[in-house]
Amino acid sequence: MPHFHFHVSNGTGETRDEEGVDLPDLDAAHARALSGIRSILREELGRGVLDFGGMIRITDPQGRLVREVPFDSAVEVRRSGGPR
């Protein structure tokens with residue numbers, strides 16, 4: 001089973017994932033990254049801030065980049081046309 005690391009880069013800097021996790025494939029790693037991003041955004045929203053400028057970089061055990069997942073790809077932002 002492939003092993004993936006999830007390194008988070010956002011407004012607070014970079015947090016490296018030194019342990020990683022075994023997952024069946026890159027699609028499962030991508031889904032895990034999206035879930036992680038949503039969790040981070042939930043915490044930010046609790047503080048009244050949403051920063052979509054971050055990303056999670058998924059790497060293999062040798063540190064090679066296999067995918068970048070931007071924060072803004074993890075949610076769909078909708079605005080109503082009504083008053084604010």
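Two exercises with worked solutions follow, on strand β4 and on the salt bridges of this predicted model.

Residues are numbered from 1 along each chain as its sequence is written. Because the model is predicted, local features need pLDDT of at least 70 and side-chain atom pairs count only at pLDDT 80 or more, while totals for chains, interfaces and linings use all residues, and side-chain values use heavy atoms, with hydrogens and water left out.

**Exercise 1.** Work out which strands pair with β4.

Solution. Strands are DSSP runs (E, at least two residues), numbered from the N terminus, and two of them pair if DSSP finds at least two bridges between them. Begin with β1 (residues 3-10), which runs antiparallel to β4 and is joined to β4 by five bridges; here Ser 9 stands opposite Met 55. Next, β5 (residues 65-70) pairs with β4 in the antiparallel sense, also over five bridges, and these two strands form a hairpin with five residues between them. Finally, four of the five residues of β4 (residues 55-59) are buried, that is, under 20% relative accessible area with a 1.4 Å probe and protein chains only.

**Exercise 2.** Determine which parts of the chain the salt bridge between Arg 57 and Glu 68 ties together.

Solution. A salt bridge needs a side-chain nitrogen of Lys or Arg within 4 Å of a carboxyl oxygen of Asp or Glu. In this pair the closest N and O atoms are 3.3 Å apart. Arg 57 lies in strand β4 and Glu 68 in strand β5, so the contact links parts that are eleven residues apart in sequence. The two residues are also bridge partners in the strand pairing.

Methods
Buried < 20%, exposed > 50% of the residue type's maximum accessible area, 1.4 Å probe, protein only.
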